[in-house]
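Trainee: Could you take me through the pockets of this model, with a close look at the second largest one?

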Amino acid sequence: MLFRQLEYLVALARERHFARAAQACHVSQPALSEAVRKLEDELKVLLVRRGRAYEGLTPEGERIVLWAQRILADRDALRHEVDALRTGLSGRLRIGSVPTASGAVSLLTGPFCTAHPLAAVELSTDLRSEELLRQIRNFEVDAGITYLPGPEADDLRALPLYEERYVLLTGLADELARHPSATWTEASRLPLCLLHAGMQGRRVLDEVFAGLGLAPTPRVETDSVASLFAHVRTGQWASVVPYAWLHVFGVPPGMQAVPLVEPVHSAPIGLVVAAREPGSVMARALLEVARRTDVAAVLGSLPRA
């Protein structure tokens, strides 16, 4: 069994198409197909359902892909460990983040790059929480910054970073912009622009509103926190945004950020990695940086317009 065969199988499971998988692996389609067939012969089990085109993995194939991802992740971890012992940490740290937390990621990537000048960072910031946890489990990213998973996720390790709090972002012309705080009930009466309903950041808001017996209907929905700011800037909409994003944009001219109360709600955000040992040397290095960085303190003051 060769690592190359496992790489081809993982690529095929990801791309769900022989030609795209071959392109991703920089080989011809016949070469990829033959390598997968040889892996099936060696394992004595059918991994891929084939018709005139790719039809998916067999149940056995689905299980073998999980093993292949683990084996390839361990291979990469070994290479990084050896490189770190020889020349210092190098290679690429892959981080995923949910959109609402992406504004805080630079508080970790900056110190990480300073501590490890030979390493680079690859960042994906538009992942939904469920997809991000899946990618961590499948070793597609080294670490994720997201809402803390529940205690049932015993295959993951989580380091709390800060409590996500929320502010009403509105134009200066709105009466609430002149108040020291606003209630969620008051916010629900405004023409709102919010994240898509399927996103974890939106579900958190919906739960708060529902707890008050409210069900506001946003006029605009988006998958981007930056887009929320852009829409509020037009003066037509208001939004409920994560407090941490004020440290990226500040409070733009013409807007005001008003703390939301009744209730004061927060959601824990943390750094999540796979619990396997020894695990990714990149993930361990990022955890060390996170333990030395007081993210909550950096996010502890509310910028004013």
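Mentor: Happily, and a definition comes first: on a 1 Å grid over the protein atoms alone, a pocket is an open set of points where a 1.4 Å probe fits, with protein on both sides within 12 Å along at least five of seven lines, and lining residues have an atom within 4 Å of a point. Grid points are joined across faces, edges and corners, and a volume is the space filled by probe spheres set on the points. Please keep in mind that this is a predicted model, where local features need pLDDT of at least 70, side-chain atom pairs count only at pLDDT 80 or more, and totals for linings use all residues. Residues are numbered from 1 along each chain as its sequence is written, and side-chain values use heavy atoms, without hydrogens and water.

The second largest pocket has a volume of about 200 Å³. Its lining consists of L66, Q69, R70, R137, N138, F139, D155, A274, A275 and R276. Helix α4 (helices being DSSP runs of H or I, at least four residues, numbered from the N terminus) is the biggest contributor, with three residues. By class, this lining has four nonpolar, two polar and four charged residues, where Ala, Val, Leu, Ile, Met, Phe, Trp, Tyr, Cys and Pro count as nonpolar, Asp, Glu, Lys and Arg as charged, and the others, Gly among them, as polar.

For context, the largest pocket holds about 910 Å³ of space. Of its 41 lining residues, D76, R94, N138, F139 and E140 are the closest to its centre. Here too α4 gives the largest share of the lining, eleven residues, and the classes divide into 18 nonpolar, six polar and 17 charged.

Methods
Helix = DSSP H or I, 4+ residues; strand = E, 2+ residues; numbered from the N terminus.
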